[in-house]
Amino acid sequence: MITRRSFLSHTAVFTAAASLGSTLPFVAQAANPALALHGPPVGPSVVLSYIANKGLLSDFTEKVDFSVYKSPDVLRAGFVSGDWKLAGTPSYVAANLANKGLPVKMLNIMTWGMLYVLSYDGSVKSPADLAGEKIGMFFRNDMPDLVFGRVMEQTGLTEGKDYSLHYVSTPFEALQLLLSGRIKHCVLPEPAATAGMVKGKKMGKSIHRSIDLASEWASVTGGEGRFPMAGMMVHDDLLNAQPELIEGFHKACITGTEWVKANPKEAAAVASESITLPAPVIAKSIPHTHLTAERAKDIQSELEQFYSILAEKNPSIIGGKLPNADFYL
């Protein structure tokens, strides 16, 4: 079952404000090096689970221990303390920490966005269809809110005038509003969107995945329908000590991503050993997570564009400026 406790612990991990992430701290043992791998419950962490369980890093370490973290607040503390060296993170969090003086860099992007508008109204197919409506929203003035608001602006709709937002603190609260019928539409990340649709069906409610905000992002940038939502952040200590490990890890991300996308049921079975969400929910969420493994330096301009757009209304989200060029590995 999807309980409130497990949902709160394991849903918003790649969309939380400046504090979410998974970790890959390096345990320096010359004779028997090991990686302790931590991550969120679905999305890119399904790839991390595959990497850990299928020995994709055997050329660089003899042991990989994968576990799911429970407290999203530990990301900043882990990097500030120096205990964490490689972490899954919302992309803007890495920029924020780098601009605050922490020696971190962006290795890659592992999802091109996993934010959706869910609706009871099957006729809602585009942002324009939300004119005059109230939409549930979490993390006010943070990435989900900023992305949705910019898409709506591009459609010609202004919040407070053409539509309204009902703000709550977490995706779980937003989903509860939707399931209770108090709102008709709601912005949710994966896996919350998939979990909500599954639970809604069990309750006899017809909830539609109406709008993919990643696809709609093309209207904002004039480019592809995607945005660099989350990826892996590296501490300079690990990068300088073992550059070959970092290169090997990125290659494992590529291999793992392709396997997970091609084998969602098998990938969910592997991940469910560590992730406390039902394997069917994990499997159903994978196609909607827009998994990728793009090297940050190869998409630097796209990352900078994304950061700049987010910073238009909230400069502090990236620490007030774009990161230096060497931030992008």
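**Helix packing, sheet edges and burial**

Modeller: In this predicted model, helix 6 passes helix 7 in a right-handed crossing. The residues that meet are Pro-171, Leu-175, Gln-176 and Leu-179 from helix 6, and Ala-192, Gly-196, Lys-199 and Gly-200 from helix 7.

Colleague: Why are helix 6 and helix 7 called roughly parallel to each other?

Modeller: It comes down to the angle. Helix 6 (residues 171–180) and helix 7 (residues 192–202) pack at about 30°, with 11 Å between their axes. Angles under 35 degrees count as roughly parallel, so the label fits this pair.

Colleague: And what classes of residue make up the contact of helix 6 with helix 7?

Modeller: Four nonpolar, three polar and one charged. Gly goes with the polar class by the rule used here, so Gly-196 and Gly-200 of the contact land there.

Colleague: What makes helix 2 and helix 12 a roughly perpendicular pair?

Modeller: Helix 2 and helix 12 (residues 264–271) pack at about 75°, and their axes are 9 Å apart. The window for roughly perpendicular is 65 to 115 degrees, so helix 2 is put down as roughly perpendicular to helix 12. Val-46, Ser-49 and Asn-53 of helix 2 meet Ala-267, Val-270 and Ala-271 of helix 12. By class that contact has four nonpolar, two polar and no charged residues.

Colleague: Back to helix 7. How do you know that Thr-194 is buried?

Modeller: Thr-194 is in helix 7, and its relative accessible area is 3%. Buried means under 20%, so Thr-194 qualifies. Leaving aside residues up to four places away in sequence, Thr-194 touches Arg-209, Val-281, Lys-284, Ser-285 and His-288. The buried residues of helix 7 also include Ala-192, Ala-193, Ala-195, Gly-196, Val-198 and Gly-200. After helix 7 comes Gly-204, with a positive phi near 80°.

Colleague: Why is Asp-59 called exposed?

Modeller: Its relative accessible area is 70%, and the exposed class begins over 50%, so Asp-59 belongs in it. Asp-59 sits in the loop between helix 2 (44–53) and strand 4 (63–68). The C-alpha atom of Asp-59 is separated by 8.2 Å from that of Gly-248, 189 residues away along the chain.

Colleague: Then what makes Ser-126 only partly exposed?

Modeller: Ser-126 has a relative accessible area of 24%. Buried needs under 20% and exposed needs over 50%, so the in-between label is what's left for Ser-126. Ser-126 belongs to the loop between strand 7 and strand 8. Between Ser-126 and Ser-210 the C-alpha distance is 7.4 Å, with 84 residues separating them in sequence.

Colleague: How do you know that strand 3 and strand 4 pair?

Modeller: Count the bridges: six join strand 3 (residues 34–39) to strand 4, and the two run parallel. A pair needs at least two, so strand 3 and strand 4 pass. His-38 stands opposite Ser-67 in strand 4.

Colleague: Which side chains of strand 4 point to the buried face?

Modeller: Val-64, Phe-66 and Val-68. Lys-63, Asp-65 and Ser-67 point to the other face and are not buried. In a regular strand, side chains alternate between the two faces of the sheet.

Colleague: Why do strand 9 and strand 11 count as edges of the five-stranded sheet?

Modeller: That sheet is open, with mixed pairing and the order 9-8-10-7-11. Strand 9 (164–168) and strand 11 (208–212) each have a single partner strand, so one side of each lacks a neighbour in the sheet. From one strand to the next, the twist averages 30°. Strand 7 (residues 115–119) and strand 11 run antiparallel and are joined by four bridges. Tyr-116 has Asp-212 in strand 11 as its bridge partner.

Colleague: Which helices pack on that sheet?

Modeller: Helix 5 (residues 143–155) touches strand 7, strand 8 (134–138), strand 9 and strand 10 (185–189), and its direction makes about 145° with that of strand 8. Helix 6 lies across strands 7, 8, 9 and 10, at about 150° to strand 10.

Colleague: And for the whole protein, how many helices and strands are there?

Modeller: 14 helices and 13 strands. Of the 329 residues, 57% count as buried.

Terms used:
Residues are numbered from 1 along each chain as its sequence is written. Side-chain values use heavy atoms; hydrogens and water are left out. Buried means under 20% relative accessible area, exposed over 50%, partly exposed in between (1.4 Å probe, protein chains only). Axes are lines fitted to C-alpha atoms, for helices over the stretch in contact, and angles run from 0 to 180 degrees between N-to-C directions. Angles under 35 degrees count as roughly parallel, over 145 as roughly antiparallel, 65 to 115 as roughly perpendicular and the rest as oblique. A crossing is left-handed if the near helix is turned anticlockwise from the far one by less than a right angle, and right-handed if clockwise. Contact means heavy atoms within 4.5 Å.
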